[in-house]
Amino acid sequence: MIVSPDELSTIQHQAVEEYPDESCGVILVRGAERRLLRCRNVQDELHARDPERNPRTARTAYHIDPQDLLRIGRLESEGFGVAVIYHSHVDAGAYFSETDRRQALIGDDPAYPGTTYLVTAVIAGRVEATTAFRWDPTRRDFPSVGSWAAEAAVSEAVRGEGRPSGAERKEEPR
């Protein structure tokens, strides 16, 4: 399963709530337990402090709040793994950009090889689509592994990955 219907709905709602800024977050798993962690995009703060080094604003980029990164690290130390990293594109398509690719790599290798990256397109404040991308070691790239329209049917939320397993799901508060 890439995302459950509830997770997909939460991710898409967050993208709309945070429009016209990019939203971001992660889904962590430990066995059958899943936790969705909404993260705060601090890109505007980085831009305000140093616009030369951080020329992009939260409208065109995201940077996960260091406090959220600490929470993710704490959960990883408790046995959780990062299954999904998600963000939105504002007034642009649900594609894996060159910046997304560059940020997902350390050198020529993925930082999280088994992780799926979700990108939600929000056009004029409405979700258009969400597309999933995962590292393919033979192609050495992040091809699409699934896509859902804004009004996706429940069965589409697990496209290509089987049905929801009934695993425990919990959304982490910010």
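Which backbone nitrogen does the side chain of Asn 41 reach at 3.1 Å? Select Asn 41 to begin, bearing in mind that this is a predicted model. The side chain of Asn 41 reaches the backbone nitrogen of His 63 at a distance of 3.1 Å, and a polar atom of that side chain also lies 3.1 Å from the backbone oxygen of Ala 61. Asn 41 sits in the loop between β2 (33-39) and α2, where it counts as buried, with a relative accessibility of 13%. If you display its surroundings, leaving aside residues up to four places away in sequence, you will find that Asn 41 touches Glu 22, Cys 24, Ala 58, Ala 61, Tyr 62 and His 63.

Stop two: the cysteines

From that list of contacts, which includes Cys 24, select Cys 24 next, and add Cys 39 to the selection. A disulfide is a covalent bond between the sulfur atoms of two cysteines. A search of the whole structure finds zero disulfides, and the sulfur of Cys 24, whose closest cysteine sulfur is that of Cys 39, is 5.4 Å away from it, which is too far for a bond. The cut-off that matters for this step is a sulfur pair within 2.5 Å. Cys 24 is buried, at 0% relative accessibility, and Cys 39 is likewise buried, at 0%.

Stop three: the largest pocket

Now turn to the open spaces. Rolling a probe the size of a water molecule over the atoms shows where empty space is left. The largest pocket holds about 370 Å³ of space; among the 16 residues that line it, select Tyr 62, Ile 64, Leu 69, Ile 85 and Gln 103, which are the closest to its centre. Colouring by element shows that α3 (66-77), β3 (81-90) and α4 (98-104) each give two or more residues to this lining. Colouring by class instead, the lining of the largest pocket divides into 12 nonpolar residues, three polar and one charged.

Stop four: the second largest pocket

The second largest pocket has a volume of about 300 Å³. It is lined by 20 residues, and those to select are Arg 56, Thr 60, Ala 61, Tyr 62 and Thr 99, which lie nearest its centre. Here the elements giving two or more residues to the lining are α2 (43-49), β3 and α4, with the largest share, three residues, coming from α4. By class, the lining of the second largest pocket has seven nonpolar, eight polar and five charged residues. Ala 61 and Tyr 62, both named here, are also among the residues that Asn 41 touches.

Stop five: backbone geometry

Finish with the backbone. Most residues other than glycine have a negative phi, and most peptide bonds are trans. Select Tyr 19 and Pro 20, which are joined by a cis peptide bond with omega at about 10 degrees; Pro 20 is placed in the loop between α1 (5-18) and β1 (24-30).

Next select Ala 124, which is not a glycine and yet has a positive phi of about 50 degrees. Ala 124 lies in the loop between β6 (116-123) and β7 (126-134), and is exposed, with a relative accessible area of 61%.

The last selection is Arg 140, another residue that is not a glycine but has a positive phi, here about 55 degrees. Arg 140 is in the loop between β7 and β8 (144-149), and counts as partly exposed, at 36% relative accessibility.

Note on methods. Residues numbered from 1 in each chain as written. Predicted model: local features only at pLDDT ≥ 70, side-chain atom pairs only at ≥ 80, totals over all residues. Heavy atoms only, no water. 1 Å grid on protein atoms, 1.4 Å probe; cavity = no way out; pocket = protein on both sides within 12 Å on 5 of 7 lines; lining within 4 Å. Points joined across faces, edges and corners; volume = space filled by probe spheres on them. Helix = DSSP H or I, 4+ residues; strand = E, 2+ residues; numbered from the N terminus. Nonpolar A, V, L, I, M, F, W, Y, C, P; charged D, E, K, R; others polar. Buried < 20%, exposed > 50% of the residue type's maximum accessible area, 1.4 Å probe, protein only. Polar contact = N/O pair within 3.5 Å; in protein donor to acceptor, adjacent residues only side chain to side chain. Contact = heavy atoms within 4.5 Å.
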